[in-house]
Amino acid sequence: MLIWKNIENQSNNVINSWMSQSDKHFLCMENKNWTETAEDISDCLKFMPKSQFKNIIGEINNKPVLTVMLGVEDFGATLNIYNILVNPDFRNKGIITKILSDLNKNKNIFNLKQTYNQIKMSVLPENKIMQAALKKSNFSNFVIDEEYLVFTKQINKNNQIEF
């Protein structure tokens with residue numbers, strides 16, 4: 001079972017060690033590391049009404065498996081998944097698809113106040129693995145926003161879980 005924890009300083013070195021050059025490119029972190037990127041996003045969200053930010057790491061048996069940066073924006077209406085990075089030892093095992101599927105089922109796996117009615121994730125066009133995971137998890141076909149492909153998933157408000 002995946003246990004989510006807030007990222008501590010020692011986790012940042014572990015996370016940064018997972019990133020290949022390709023990962024850095026796909027995560028738009030060629031000039032910044034995980035911590036700097038999270039701080040930038042968190043700072044931006046502070047000025048948005050009803051926003052929330054999480055920078056968390058998922059562990060199985062105390063072993064770090066993946067990390068996620070996400071935030072609620074658009075006056076609480078949108079959950080934006082900014083970055084997902086999987087430990088290389090756990091790649092190609094379907095863990096991203098599982099996380100996205102749980103979100104699609106309105107499971108509040110990230111312990112957020114669930115005000116949002118859509119989930120959004122932007123990816124670069126060459127990131128075929130993440131595109132496949134999003135499509136497999138029933139995210140909509142993308143729209144193009146500058147250089148990104150933006151995938152969305154609507155959540156039926158009638159079935160939304162309130163916390």
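Okay, strand 5, residues 118-123. In this predicted model, 5 of its 6 residues are buried, so strand 5 is largely enclosed by the rest of the structure.

Who sits beside it? On one side there's strand 4: strand 4 and strand 5 run parallel, joined by 4 bridges. If you want a pair to click on, Ile-81 has Met-121 of strand 5 as its bridge partner. With strand 7, strand 5 pairs in the antiparallel sense, and there you get 6 bridges. One to look at is Gln-118, whose bridge partner in strand 7 is Gln-154. Then there's helix 5, which lies across strand 4, strand 5 and strand 7 and runs at about 160° to strand 5.

Now zoom out to the whole sheet. It's an open one with 7 strands, in the order 1-2-3-4-5-7-6, and the pairing is mixed. The edges are strand 1, residues 3-6, and strand 6, residues 143-145, and each of those pairs on one side only. From one strand to the next, the twist averages 35°. Over at the strand 1 end, strand 1 and strand 2 run antiparallel, with 4 bridges between them. Asn-6, for instance, has Ile-56 in strand 2 as its bridge partner. Helix 1, residues 9-18, also packs on the sheet: it touches strand 2, strand 3 and strand 4, and its direction makes about 95° with that of strand 3.

Next, the nonpolar core. In soluble globular proteins, nonpolar side chains tend to be buried together. Here the largest nonpolar core has 30 residues, and the ones touching the most other members are Ile-84 and Phe-110. At least two residues each come from strand 3, strand 4, helix 4, strand 5, helix 5 and strand 7. So what does Ile-84 touch, leaving out residues up to four places away in sequence? The answer is Leu-27, Leu-66, Thr-67, Val-68, Ile-96, Met-121 and Met-130. Apart from that core there's another, of 14 residues, including Trp-18, Leu-27, Ala-38 and Leu-85.

Last thing, the largest pocket, with a volume of about 1100 Å³. There are 43 residues lining it, and closest to the centre are Phe-26, Leu-27, Tyr-82, Asn-83 and Met-121. Helix 2, helix 3, strand 4, helix 4, strand 5, helix 5 and strand 7 each give two or more residues to the lining. Which element gives the most? That's strand 4, with 7 residues.

If you take one residue away from this, try Met-121: bridge partner of Ile-81, in contact with Ile-84, and among the residues closest to the pocket centre.

How values were computed. Residues numbered from 1 in each chain as written. Predicted model: local features only at pLDDT ≥ 70, side-chain atom pairs only at ≥ 80, totals over all residues. Heavy atoms only, no water. Core = buried A, V, L, I, M, F, W, Y, C linked by side-chain atoms within 4.5 Å. Buried < 20%, exposed > 50% of the residue type's maximum accessible area, 1.4 Å probe, protein only. Contact = heavy atoms within 4.5 Å. Pairing = 2+ DSSP bridges. Axes fitted to C-alpha atoms, helices over the stretch in contact; angles between N-to-C directions. 1 Å grid on protein atoms, 1.4 Å probe; cavity = no way out; pocket = protein on both sides within 12 Å on 5 of 7 lines; lining within 4 Å. Points joined across faces, edges and corners; volume = space filled by probe spheres on them.
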